[in-house]
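User: Please take a close look at one part of this model, a strand in the core of a chain. Then set that part in its wider context.

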Amino acid sequence: MSENEAIKILICQGTGGVSMGAKEVEAAFVKILAEKGVNAIVGKRCDVIKTGCRGLCANDVLVDIITPEQGRVTYDFVKAEEVEKIIEEHIVNKTVMEKRKAKPYYNQFVDAQMRVVMTGCGQIDPDSIDAYKEEDGFKAIEKCVKSMKPEEVIDEVKKSGLRGRGGGGFPTGMKWSFCKASPGHHKYLICNADEGDPGAFMDRSLLEGDPYCIIEGMMIAAYAIGCDFGYVYVRAEYPLAVQRLQHAIDVCYEKGYLGKNIQGWGLDFDMRIKMGAGAFVCGEETALMASIEGFRGMSRPRPPFPAVRGLWGYPTNINNVETFGNVRHIINKGGDWYASLGTETTKGTKIFAVTGKVKHTGLVEVPAGMKIREVIYDVCGGIANNRKFKAVQAGGPSGGCIPAEILDTPVDYDSLIKAGAMMGSGGLVVMDETTCMVDVSRFFLNFTREESCGKCVPCRIGLKVMLDILERITEGRGEATDIATLQDLGIAIKKASLCGLGQTAPNPILSTINYFREEYEAHINDKRCPSNCCKELLLWQVVEEKCVKCGACKKACPVDAIIWEKGQLAVLDKEKCTKCKSCYDACRFMALE
Amino acid sequence: MSEAVAQQAAEQEPVIDLSLANKIIDKFIDLPGNLMPVLQGAQDEYGYIPRVVADLIAERLNVYPSQIYGVLTFYAQFHLKPRGKFIIRVCVGTACHVQGAPRIVETFFDKIKIGHAETTPDLRYTFEKVACLGACGMAPLAMVNDSTYGAMTVQKVDEIISDYNQRPMK
C-alpha cells in the first residue's frame, strides 16, 4: 500500500473552524472510520489530517476528501452528525454527494487567487514537521547556509522587491542590510505578530496554519543579518496561534532546527514566544520592544532606529509575520521570480482579509496590483443581500475609505496611498448603502483614541477632541464649522504625532470627508442620516412607498414592535420599540427611516 | 493609601496563597524581560492581580511597584479586581460593527445590568467589549469563556443569558 494511494481527509482547524465544531467533526471521522473498519473495506489507509485555515471561514467546517478515484472534493458546513453519511457515500460507495458539495463559488473563490505565502495553509498538518519537510521545508535555509553568503541572501531579497507586509511597506532587503551594517555581535530578530487591526487576521491564520514556514523565514533572516536570538511577539487574543507556534518551536529544538549549531551547519539561533497583553499600539516597533522589555508599550522617537539601538540597546530587526512567510519562497524560487509578480512598485502577492457586507468573507491571497473591484466581486462574490456597494475601508483604523468611483484602484502600496487609504495589514472591510460613513469614522476614531498610549499630546488630546465633534454630529448636534475643524485637527495630528498610530489615526476621517462630504453635511445641516444608521437621527417609521410588505422586519424584531399581516404595510409601534435597529438591517429595501 | 482605605481593601481581598506566585516567579526569575510573563502567569493563577501579589513581584524582581502598576493599567489583559465566573466578550471590531454589534452590546448591558469591563456583584458575569476576535466571517460575534456564538441577534442574547443563569457557580 503506497503512501499516495491513501485516502486523505483534510479538516480545516483554524480558529474559525474550531469554533464551528471542527474538533467534533474530526473526532467523528476518526471514530466512525475505526468502528466501521473502513480501511479494510476500501483496502486503503484513510488519513484524517487537521489543517490550518484555507480562507473561506464563513463556510466552516470545510472538509476536503482526496481519493484516487474522485481527486479532491470539498464539502462545506459539515456537522459531526453528517460524517457517517459522508463516509458511507463518498469513501465506501465512492459516489460524491453532489448536494452537500461546496457550491461553485468555492472554486471561484479558490481559483481567482494566487497562493504563495499561504500554500501550506489548509494543505498540511500545522503540527507536523514531517509534513512541512515534504513541502520542501527547511530547503531554503539549507540552500542559504550551504551555498550563499549572508550578503547574497540580502541581495536576493533586495532583488525580489519584497516590502514590509505590516503596513509601512519599507523594502525588507534594505532593512536587513541596515541592521547587518550595525556594529555588535549580539543582535535581535523580532517577528511582529501583534495583529491588532480589527478585521485583519492573516497573521493569525499563517501562524495557525503553517508555523514552520515562519520559523524558517526567521532563520533565513537571522543567518543573513547575523542575529542569534529571535522573539515572536504574538497577541494574547490568539491562543491557538500561540499553542501551535510553541509546539513547532519545541519540535524544532528537539530535531535540531533551533539552538546551537543547527543541523551541523554552524548556525546558532534561539527563539522564544513573547505574549502581548492586549495593546494595539504594541504593533508599533518601538512600543513593541518596550513591551518585551517589560514596560508600558509606549513608542519613542526615532532615530536611533531599532536597527542601530533596539531591544535592550542592541541592534534589532523587526518584520511582520507575512514578510517572513514570503522569505523562503524567495530563496527557493529566486528573487527574479518573485519580482515578476505584482506591479512596478509592489512585488509579489498580498493576503487580504475581506470582511463586512460581502458575500464570502475570508482570507484571499492575490498578486499585488489586482483591482479592488476584482477582489470584491470576482473573488468574494460581491455584496451580500444584493445591496448597493458604497465603500471599502482599506488598512484598518489607519487607513481610509475608497468609494465606488475609484473601485478600479489596483491594490499596491502607492496606488492605495494616492487614493487616501493605505495597504495597512491588509484588512478590507466592505460597506454597503446601510453603513453610515460618519458613524464608521466615529467608530475608528473611538478605537484609536482608546488605544493611544498617551505619550504625546496631539494623539492623546487631539483624537479625543475629534471624537467629541464626531459624536456630536452623529447625535444631530453638528455645527456648520465642524467639518473644517475636523480637517484642521486631523492634519495637525498627522504632522505632530510621534509614532505611526497618531500619524495615521485621522486618515479615516479625512478620507471620508474627502469622498463623502455630502453625508457629513446631511448630518449637520438636515439632521438626517442618509444611510439610516445613526440612531439619534432616525424617525422610527416605515416608508410606505418603499415597503414591499414582506414581513422580514417583523421576524427580526425581538420585542414584537412591528405590526404586520400578510399583504399589509408594516407599522412600527414606537411604544414597544427598544431602538435596537434589528429591523433596519433586516429590511432589504431601505423602507425604514 | 490611608489607613481606612487600606483596611477596607484588606477586608475585600480574600486570603491569597502566595506560594503559587512564588512558583511562577521562580520559573521566570532568570529570564530577561520577565515582568510581563510573571504577571501573565499570576493572572492565569488568580484570575486577577491581587495587591499582595503585585507587592511580592515588585520585591522579588527588584522593580518599583509603580512600574508594575503602570504595566497593569496599560495593558487591557490585566485586571486589578476579581473577575466573574463567566466572561462575556462581545466583538466590536469593524466587521462586527457594520453587522450590528452595538445592539448586541446594549442588549447585554440591559440584561445583566453592568457596563464594559465590569463584574456583577455575585461574580457570575464579567462583560467586555473586545476589538476583533479574528472570526469576522461569523460577525457579529460573542464569546462566553471559550464558547463562540456567531451571527448574534438580540434574541440570541436572551438565550445565552438564560442558559448561563442556570449554570452552577462552582
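Analyst: The strand comes first, then its chain, then the partner chain.

This is a predicted model: local features need pLDDT of at least 70, side-chain atom pairs count only at pLDDT 80 or more, and totals for chains, interfaces and linings use all residues. Residues are numbered from 1 along each chain as its sequence is written, while chains are lettered from A and ligands numbered from 1 in the order in which they are written.

Start with β5 of chain A, residues 188-193. Strands are DSSP runs of E, at least two residues long; helices are runs of H or I, at least four; both are numbered from the N terminus. β5(A) is mostly covered, with 6 of its 6 residues buried. Buried means 20 or more other C-beta atoms within 10 Å of the residue's own, exposed means 12 or fewer, and partly exposed lies in between, with C-beta atoms placed from the backbone. A:Y188, A:I190 and A:N192 point one way from β5(A). A:L189, A:C191 and A:A193 point the other way. Both sets are buried.

β5(A) pairs with two strands, β6(A) and β8(A). Pairing requires at least two DSSP bridges between the strands. With β6 (residues 229-234) of chain A there are 6 bridges, and the two strands run parallel. Here A:L189 has A:G230 as its bridge partner. With β8(A) there are 5 bridges, again parallel. Here A:N192 is partnered by A:N320.

Now the loop between α13 and β8 (316-320) of chain A, where A:F305 lies. A:F305 is partly exposed, with 16 other C-beta atoms within 10 Å. Its C-alpha atom is 9.6 Å from that of A:F178, though the two residues are 127 apart along the chain.

Elsewhere in chain A, an open sheet of 4 strands has the order β2-β1-β3-β4, with mixed pairing. β2 (46-51) and β4 (71-75) of chain A stand at the edges with a single partner strand each, so one side of each has no neighbour in the sheet. Neighbouring strands are turned by 20° against each other on average, direction ignored. That angle is taken between lines fitted to C-alpha atoms; as defined between N-to-C directions, angles run from 0 to 180 degrees. Within this sheet, β1 (residues 7-12) of chain A runs parallel to β2(A), joined by 6 bridges. One bridge pairs A:K8 with A:D47 in β2(A).

Chain A as a whole has 25 helices and 15 strands. Its radius of gyration is 26 Å, close to the 25 Å of the globule rule for 593 residues, so chain A is as compact as a globular protein of that length. The radius is taken over C-alpha atoms, and the rule is 2.2 Å times the number of residues to the power 0.38. Buried residues make up 54% of chain A.

Chain A also meets chain B: 40 residues of chain A are in contact with 34 of chain B. Contact means C-beta atoms, placed from the backbone, within 7 Å. Elements giving two or more residues to the chain A side include α13 (285-293) and α18 (437-451) of chain A.

Chain B has 8 helices and 5 strands. Buried residues make up 34% of its 170 residues. Chain B is divided into domain 1 (3-74) and domain 2 (86-165); these bounds come from an automatic or database domain assignment. The centres of the two domains of chain B, taken over C-alpha atoms, are 29 Å apart.

Technical notes. Two residues are in contact if their C-beta atoms, placed from the backbone, lie within 7 Å.
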